[in-house]
Amino acid sequence: MSKMLTSRTTIASLAQLASELSSHPLYAGIHTLPELRMFCERHVFCVWDFMTLLKSLQQEITCISLPWVPVRDPEAARLINEIVLGEETDEIEEGRHISHFQWYLEAMAEIGADTAPIQRFVKRLRQGIPTEVALADPAIPEESRTFTGVTLSFLDAPLHVRAAVFFYGREDLIPRMFLPMVEEFSRQGLPCERLVGYLQRHVEVDGGHHGPLAERLLERLFENDPRRAAAAHRSAVLSLEARKQLWDATYEAIHASNSRPTGRERHLREVGASP
């Protein structure tokens, strides 16, 4: 198989996976607050590792160590710093700046989702515990641990590979996933105002600002080298496959929880009655 054909196949895989993720049945499968809580308790780890991937790009493209030295590519530094500014210190209310991760935790609290596993995970990281050890917490859903493990596996990859994973697996994809969620949650009338605000903000900034910035950054890092592009695109496919596996597992977990009989149903079956 030629390099050209391989590249075309990879691009086709990216497009196919993005299309499948844009219309995943998970979005229409969340109808109740318990189901929404299950989703958020798994998705919050994606919100954390998004920032980790983003900061790995900033760390290499800009100078955040001492002594300071001029960056090699000021244009690339500007692009990544603009994205970090919005994600790490967004103004969500007049005069109030927080990270999108913190915003998500507030949204989880609003709907009564369990934030203990992610809070404990972050606390352990602050204590200097290695990420892979903190991630082994059995309270963390297995599908979240697997997805985040894939994201972390890219941190040692070349810069252009990480940038491709960031663009194709996050900035380009997120608006396509979050918009149907917003529409479905509104249709169901779920009381999740802060979560909807978070999702709408990402549809807005990723689709209209951060996405184009990430794409421009990626093109600069490719340096017109088809070998760089091919390697980056292959890794981007892996990131989209990991997302699909996470969504599939989350959808199955929600479906399984609905299939389990309630306590009243179990009691009625035991006494030979019908619910």
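Mentor: A disulfide is a pair of cysteine sulfur atoms within 2.5 Å. This is a predicted model: local features need a pLDDT (the predictor's confidence in each residue, from 0 to 100) of at least 70, side-chain atom pairs count only at pLDDT 80 or more, and totals for chains, interfaces and linings use all residues. Residues are numbered from 1 along each chain as its sequence is written, and side-chain values use heavy atoms, without hydrogens and water.

Trainee: How many disulfides does the structure hold?

Mentor: Zero. Take Cys 40. Its closest cysteine sulfur is in Cys 192, 7.9 Å away, and that is too far for a bond. Cys 46 is in no disulfide either; its nearest cysteine sulfur, that of Cys 40, lies 11 Å away.

Trainee: Is Cys 40 buried or exposed?

Mentor: Buried means under 20% relative accessible area, exposed over 50%, and partly exposed in between (1.4 Å probe, protein chains only). Cys 40 has 1% relative accessibility, so it counts as buried. Cys 46, at 3%, is buried too.

Trainee: Which residues have the most contacts inside the largest nonpolar core?

Mentor: In soluble globular proteins, nonpolar side chains tend to be buried together. A nonpolar core is a set of buried Ala, Val, Leu, Ile, Met, Phe, Trp, Tyr and Cys residues joined through side-chain atoms within 4.5 Å. The largest one here has 82 residues, and Leu 36, Phe 39, Tyr 104, Phe 121, Phe 185, Leu 195 and Trp 247 have the most contacts inside it. Helix 2 gives the largest share, 15 residues. Helices (H or I, at least four residues) and strands (E, at least two) are DSSP runs, numbered from the N terminus.

Trainee: What does Phe 185 touch?

Mentor: Contact means heavy atoms within 4.5 Å. Beyond four places in sequence, Phe 185 touches seven named partners, including Ile 30, Leu 36, Cys 192 and Leu 195.

Trainee: How far apart are the end C-alpha atoms of helix 3?

Mentor: The expected span is 1.5 Å times one less than the number of residues. Helix 3 (residues 74–88) has 15 residues and should span 21 Å; its ends are 20 Å apart, which agrees. Its buried residues include Ala 76, Ile 80 and Val 84. They pack against helix 2, strand 1, helix 4, helix 8 and helix 10.

Trainee: Where does pLDDT stay under 50?

Mentor: Where pLDDT is low, the predicted coordinates should not be read in detail. The chain averages 91, and 92% of the residues score at least 70. Residues 1–6 stay under 50, with one contact beyond four places in sequence. Residues 262–275 are also below 50; that stretch has eight contacts beyond near neighbours in sequence.
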